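Visitor: Could you take me through one part of this molecule up close? I'm in my first year, so please go step by step and show me how the pieces connect.

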Amino acid sequence: MNRTGSALIVLMLVVIGIGATNVLQRINAPQIAAEQRLIESRKLLDLLPLAAYDNQPLEQPLALADITLNHSTLTGGYRATRGGQTAAILLRSQTRGYAGAIELLIAIDANGKLLGVKTLQQAETPALGGHLGDWPNAWLQTFIGKSSNEPSDAGWALKKDQGQFDQIAGATITSRAAISTIHDALRYFDAHRAALLGSGT
């Protein structure tokens, strides 16, 4: 066999190999994409226990009205259900912190009580306001069980501002921004309860 023949055989094998690889990637692409979405979804929704819902909340975003709030802006909303009943409403909300944008995911139960808060984005000073991004976050857990009017409006502030909440050490502006954003979300839930909960309540 001459060199030309050998080169053609090698070229054909390379083409067959590339083709087979492309076919396998196309066959597996939907499964890989679905698994990646599941991983991303679980990472985003890990503030809710897995047993709390049986739908895919992120695949059915809510249409939100009046998204500009007193201290923040809503960037998304989702409904978590179990057995067709609303288990939680998740609101993505963005505000301005000390060093840049802060985005929180805020979970609220059907009665308007806070289930949990997770920081999705922040650019605060490391070792100070940057602690807002820790997960799990002991400071954010202190808000669990609160509602828009429990405490009162005046209570939704730092203790140094005559409110009820401690601050993240050395991060007054970050703490104020987070408290205001959480309170905004709870008030939004109360004002739009029927639309957010839908028929499965």
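**A close look, starting from Leu 62**

Guide: Let's start with Leu 62, which sits in the loop between H1 and strand S1 (73-82). Keep in mind as we go that this is a predicted model. Is Leu 62 buried or exposed? Its relative accessibility is 17%, and buried means under 20%, so Leu 62 counts as buried. What does Leu 62 touch, once we leave aside its neighbours within four places in sequence? The contacts are Gly 77, Tyr 78, Arg 79, Ile 89 and Leu 196. Take Arg 79 from that list: it is 17 residues away from Leu 62 along the chain, yet the two C-alpha atoms are separated by 7.1 Å.

Now for the helix at the other side of that loop's name, H1. Helix H1 covers residues 3-44, and Met 12 is part of it. Buried or exposed, this one? Met 12 has 54% relative accessibility, and since exposed means over 50%, Met 12 counts as exposed. Met 12 has company out there: together with Ile 9, Leu 13 and Ile 16 it makes a nonpolar patch on the surface. Added together, those four side chains' residues have about 420 Å² of accessible area.

Next, let's move along to a stretch that carries a label from a record. An unreviewed UniProt entry gives residues 97-189 the annotation "domain: FMN-binding". In the model, the chain over residues 97-189 is 24% helix and 17% strand. The C-alpha atoms at the two ends of that stretch are 23 Å apart.

Aromatic rings come next. How many aromatic pairs does a search of the whole structure find? The search turns up four. One of them joins Trp 139 and Phe 143, with 5.1 Å from centre to centre and 80° between the planes, which makes it edge-to-face. Trp 139 is buried, at a relative accessible area of 12%, and Phe 143 is buried too, with a value of 0%. Phe 143 also pairs with Trp 156: here the ring centres are 6.1 Å apart and the planes are at 10°, so this pair is stacked. Why does this pair tie parts of the chain together? Phe 143 and Trp 156 both lie in the loop between helix H2 (138-141) and H3, and they are 13 residues apart in sequence, so their pairing links those parts. Like Phe 143, Trp 156 is buried. Step back a little, and ring pairs link Trp 139, Phe 143, Trp 156 and Phe 165 into a cluster.

Trp 156 also leads us into helix H3, by way of His 183. His 183 has its place in helix H3, and at 4% relative accessibility it counts as buried. Leaving aside neighbours within four places in sequence, His 183 is in contact with Ser 148, Asp 153 and Trp 156.

Let's finish with another residue of that helix. Helix H3 runs over residues 172-191, and Thr 172 lies in it. At this residue, UniProt (again an unreviewed entry) places the feature "modified residue: FMN phosphoryl threonine". Which side of the cut-off does Thr 172 fall on, buried or exposed? Its relative accessible area is 19%, so Thr 172 is buried, given that buried means under 20%. Not counting residues up to four places away in sequence, Thr 172 touches Leu 158, Lys 160 and Gln 167.

Note on methods: Residues numbered from 1 in each chain as written. Predicted model: local features only at pLDDT ≥ 70, side-chain atom pairs only at ≥ 80, totals over all residues. Heavy atoms only, no water. Patch = residues over 30% accessible without salt bridge, like charges linked within 9 Å, V, L, I, M, F, W, Y side chains within 5 Å. Areas by Shrake-Rupley, 256 points an atom, 1.4 Å probe, with all protein chains shown as cover. Helix = DSSP H or I, 4+ residues; strand = E, 2+ residues; numbered from the N terminus. Buried < 20%, exposed > 50% of the residue type's maximum accessible area, 1.4 Å probe, protein only. UniProt positions renumbered as here; feature names shortened; annotations may be inferred. Contact = heavy atoms within 4.5 Å. Phe/Tyr/Trp six-rings, centres within 6.5 Å; stacked < 30°, edge-to-face > 60°.
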